[in-house]
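Colleague: I'm new to reading protein models and would love a close look at a single part. Could you pick one strand, walk me through it slowly, and then show me what else is worth seeing?

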Amino acid sequence: MNDEIFRLGINYWPAHRAMFWWREFEVEEVERDFERLREAGFDLVRVFLLWEEFQPEPDRIASETIERLRAVADLAARARLQLLPTFFTGHMSGANWLPAWACEPSEAPTRFRTIVSGRVLHARPRNWYADPELIEAQARLVREVVRALGTHPALWGWDLGNEPSNCVIPPSHEHGLAWLERMVAEIRAAGSMHPITLGLHMEDLEEDRRLGPAEVARACDLLAMHGYPVYAEWAEGPTDAQLLPFLGLLTRWLGGGRDLLFEEFGAPTRPLQTEIPSRIPFLSEDDAARFTQEALALLHHFGFAGALLWCYSDYAPALWDHPPFDEAPHERFFGLWRADGTPKPVVDVVRTWSGLPRHAPHRDFTWIDIAPEEFFKSPRLHLPRLYDRFRREGTSATLPT
């Protein structure tokens with residue numbers, strides 16, 4: 001981990017294969033994409049280990065998928081990029097992608113659809129924080145992946161999950177912390193001393209999901225937060241960039257001041273030649289570029305370890321009829337590049353933030369008027385109230401110009 005550079009990163013799925021890329025892997029596509037990312041100034045790529053592709057059975061790790069992960073790391077090194085692999089994916093783009101053995105049948109309505117082998121099933125996740133068989137299976141996957149990639153020069157760090165509370169919530173804080181400590185111990189025992197984090201998101205601050213900043217700060221090296229103004233009803237609007245440092249600083253405060261990587265932010269852009277109805281607002285490509293410029297300026301100014309944009313590319317129309325894109329049209333258009341490979345205006349913005357020195361982590365939390373242990377007693381009350389205080393008192397003398 002280079003503490004001197006503000007890490008500029010991207011969340012990666014390929015345009016034409018999306019979550020199916022491990023199964024339909026094409027070296028040439030990844031090589032072209034990584035070269036494009038390097039040329040745009042990125043230095044860090046977050047990739048997602050789609051759980052069922054890496055572990056089709058609890059006691060079997062897919063060796064061919066591990067080899068593809070090695071190939072991705074080789075391509076990253078060749079492009080002078082580093083990787084942040086994310087285990088147990090898991091929740092992604094409005095659906096939960098899971099191995100069949102990690103689910104149990106359920107006809108009960110669920111907020112997110114469960115996808116197994118590309119098909120939607122009536123099922124729900126088994127609780128992997130409390131089920132001994134699942135915990136042992138997860139430990140096995142962590143060991144095998146770390147053994148395969150732990151000494152690779154392209155490796156930057158490990159992420160233990162993407163917004164996992166959208167899949168399953170631990171039965172207690174103790175279960176959540178024990179799970180984190182077990183996975184961290186497996187990584188260390190396999191010989192990797194790279195930074196470890198967990199991809200928390202805004203909803204982990206909107207309610208106590210028993211695996212939040214305090215638990216991650218105790219077990220991991222680094223906090224991570226995801227924030228999107230388009231999803232925050234209490235934000236000032238879909239381009240409210242101040243929401244991002246607020247979420248990051250609040251997470252750091254709840255995590256005892258632990259360093260933080262802002263791991264996801266972005267906005268869907270309005271397609272140029274197609275009118276598509278969506279309950280989530282689209283931004284024009286120019287507005288998205290201005291939002292990104294302001295967001296990067298703020299995240300850099302407040303001393304976060306880095307910022308990763310969501311996401312590399314819009315998805316090709318051939319994927320639009322497949323879940324989750326069939327019911328979440330906005331998810332098709334978060335990319336910095338259009339599906340045909342042409343860059344949106346935001347790419348020129350990103351390039352200006354490449355390789356900048358990092359500021360020291362911001363330490364002024366005087367705009368917070370409660371103790372950390374009070375926050376989760378009424379998080380939905382405190383979040384908008386503290387955000388108002390942050391906007392009035394936490395930024396007034398310090399905003400970048």
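Modeller: Sure, let's start with strand 14, residues 306–309. Gly306 and Leu308 point one way from this strand, while Ala307 and Leu309 point the other way, and all of them are buried. Keep in mind as you look that this is a predicted model.

Now for the neighbours of strand 14. Strand 1, residues 7–11, pairs with strand 14 in the parallel sense, over 4 bridges. If you want a spot to zoom in on, find Ile10, which stands opposite Leu309 of strand 14. Strand 13 is also joined to strand 14, by 2 bridges, and these two run parallel as well. Here Phe265 stands opposite Leu309. In general, strands of a sheet pair through backbone hydrogen bonds, either parallel or antiparallel.

Let's step across to strand 13 itself. It is mostly covered, with 6 of its 6 residues buried. Strand 12, residues 223–226, is joined to strand 13 by 4 bridges, and the two run parallel. In that pairing, Met225 has Phe262 of strand 13 as its bridge partner.

Just before strand 13 there's a nice contrast. Gly256 sits in the loop between helix 8 (243–254) and strand 13 (260–265). Is Gly256 buried or exposed? Its relative accessibility is 70%, and exposed means over 50%, so Gly256 counts as exposed. Gly256 is also 38 Å from Ala100, C-alpha to C-alpha, with their positions 156 residues apart in sequence.

There's another sheet to look at. This one is open, has 4 strands in the order 4-5-7-8, and shows mixed pairing. Strand 4 (91–92) and strand 8 (119–121) stand at the edges with a single partner strand each, so one side of each has no neighbour in the sheet. Further in, strand 5 (residues 95–97) and strand 7 (residues 113–116) pair in the parallel sense over 3 bridges. There you can spot Trp97 opposite Ile115 of strand 7.

Now the helices. Two packed helices are described by the angle between their axes and the distance between the axes. Take helix 4 (residues 132–149) and helix 5 (residues 173–189): they pack at an angle of about 30°, with axes 9 Å apart. Angles under 35 degrees count as roughly parallel, so helix 4 is roughly parallel to helix 5. Their crossing is right-handed. Helix 4 brings Ile135, Glu136, Gln138, Ala139, Val142, Arg143 and Val146 to the contact, and helix 5 brings Trp179, Arg182, Met183, Glu186 and Ile187. Sorted by type, the residues of this contact are 7 nonpolar, 1 polar and 4 charged.

Helix 4 has a contact with helix 3 (residues 63–78) too. The axes of helix 3 and helix 4 come within 10 Å and cross at roughly 40°. That angle makes helix 3 oblique to helix 4. This crossing is right-handed. On the helix 3 side you'll find Ile66, Leu69, Arg70 and Ala73, which meet Val145, Ala148 and Leu149 of helix 4. The residues of this contact divide into 6 nonpolar, no polar and 1 charged.

To return to where we began, look once more at Leu309: Ile10 stands opposite this residue, and so does Phe265.

Terms used. Residues numbered from 1 in each chain as written. Predicted model: local features only at pLDDT ≥ 70, side-chain atom pairs only at ≥ 80, totals over all residues. Heavy atoms only, no water. Pairing = 2+ DSSP bridges. Buried < 20%, exposed > 50% of the residue type's maximum accessible area, 1.4 Å probe, protein only. Axes fitted to C-alpha atoms, helices over the stretch in contact; angles between N-to-C directions. Parallel < 35°, antiparallel > 145°, perpendicular 65-115°, else oblique. Left-handed = near helix turned anticlockwise from the far one by under 90°. Contact = heavy atoms within 4.5 Å. Nonpolar A, V, L, I, M, F, W, Y, C, P; charged D, E, K, R; others polar.
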